[in-house]
Amino acid sequence: MIDTTPAHPPVVDRAAWTAARAALLTLEKAGTRLHDAIAAQRRRLPMTPVQNYSFTGERGPVTLTDLFAGRSQLILHHFMFEPQWSQGCAFCSDDADNAVPHLAHLGPYDISFVRISRAPVEKLLAYSARMGWTVPWVSSGGTTFGDDWGWTRPGGGEVSGFSVYLLHSGVPHLTYRTDGRGVELMSSIAGHLDITPYGRQEAWEDSPPGWPQDGTFTKTRRHDEYDAPLPSTQP
């Protein structure tokens, strides 16, 4: 438990708190309007065709167009899981827990959602079972997909994030992609942390002096590892 004695928000009466909250609401509404404006521009982005790559799914070969599963839109979660790793990236696992809605809610919007990684599909399915996930997961191992579209770094190493596609005239087209902090838009854990008094407790945040802060992602683990000692390295 955090010791709140040395650092905490100032204590005021209810009237003062209500006034301060109302002042912040003005800024929050401006942020909401900016978010709406960005989303409007996102809907106006052009799209570019993508070849119909063949991946490996639970039941064998599956093409990019197959992943749409009869729908017009597809979201891919690019999950860092390199072929030699025994388990998936802890930070991507955090995204898998907190940035993926119940897939039933996407159906009415004609959207399919699939996870993709370079590791062999057997590893992906085993790790998915361990984590209790039900999102379809395919392997791009043996293809140039990651290299072609920047999800595999030159010289090795993966990039995590999300990409979005529209199936138009039978051809998949890339409409949007995001990585890094762009993923936070989908992450419920980031949103929940941001409304707490101590926030994400990371050193880059603009917090009052004395607030608990540490390095980025230092608290993040796989959800079944929080009672175990923090490993010295990732996968």
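## Salt bridges and overall build of a predicted model

The structure holds 10 salt bridges, and the coordinates in which they are found belong to a predicted model. Side chains of opposite charge can pair when their charged atoms come close. The protein has 20 positive and 25 negative side chains, and the centres of these two sets lie 5 Å apart.

Three of the pairs are set out below, each with its N to O separation.

| Pair | N to O distance |
|---|---|
| Arg118 and Glu82 | 3.5 Å |
| Arg177 and Asp179 | 3.0 Å |
| Asp194 and Arg200 | 2.7 Å |

In the pair of Arg118 and Glu82, the closest N and O atoms are 3.5 Å apart. Arg118 sits in the loop that runs between strand 5 (111-117) and helix 3 (121-131), while Glu82 sits in the loop between strand 4 (73-78) and helix 2 (90-98), so this salt bridge ties together parts that are 36 residues apart in sequence. The surroundings of the two partners can be read from their relative accessible areas: Arg118 is partly exposed, at 26%, whereas Glu82 is buried, at 13%.

The salt bridge of Arg177 with Asp179 joins two partly exposed residues, Arg177 having a relative accessible area of 29% and Asp179 one of 33%. Asp194 and Arg200 also meet through their side chains; here Asp194 is partly exposed, with 42% relative accessibility, but Arg200 is buried, with a relative accessible area of 13%, which is under the 20% cut-off.

Beyond these pairs, a network of salt bridges links Arg130, Arg222, Asp224 and Glu225.

The chain that carries these charged groups forms five helices and eight strands, and their order from the N terminus is α-β-β-β-β-α-β-α-β-α-β-β-α. Along the principal axes, the C-alpha atoms fill a box of roughly 65 × 45 × 35 Å. Among contacts in the protein with a separation of 6 or more, 59% are accounted for by residues 24 or more positions apart.

Where burial is concerned, 35% of the 235 residues of the protein count as buried. The accessible surface of the protein comes to about 14000 Å², and carbon and sulfur atoms hold 58% of that area.

Methods: Residues numbered from 1 in each chain as written. Predicted model: local features only at pLDDT ≥ 70, side-chain atom pairs only at ≥ 80, totals over all residues. Heavy atoms only, no water. Salt bridge = Lys/Arg side-chain N within 4 Å of Asp/Glu carboxyl O. Helix = DSSP H or I, 4+ residues; strand = E, 2+ residues; numbered from the N terminus. Buried < 20%, exposed > 50% of the residue type's maximum accessible area, 1.4 Å probe, protein only. Contact = heavy atoms within 4.5 Å. Areas by Shrake-Rupley, 256 points an atom, 1.4 Å probe, with all protein chains shown as cover. Lys, Arg positive; Asp, Glu negative; His and termini not counted. Charge placed at Lys NZ, Arg CZ, Asp CG, Glu CD.
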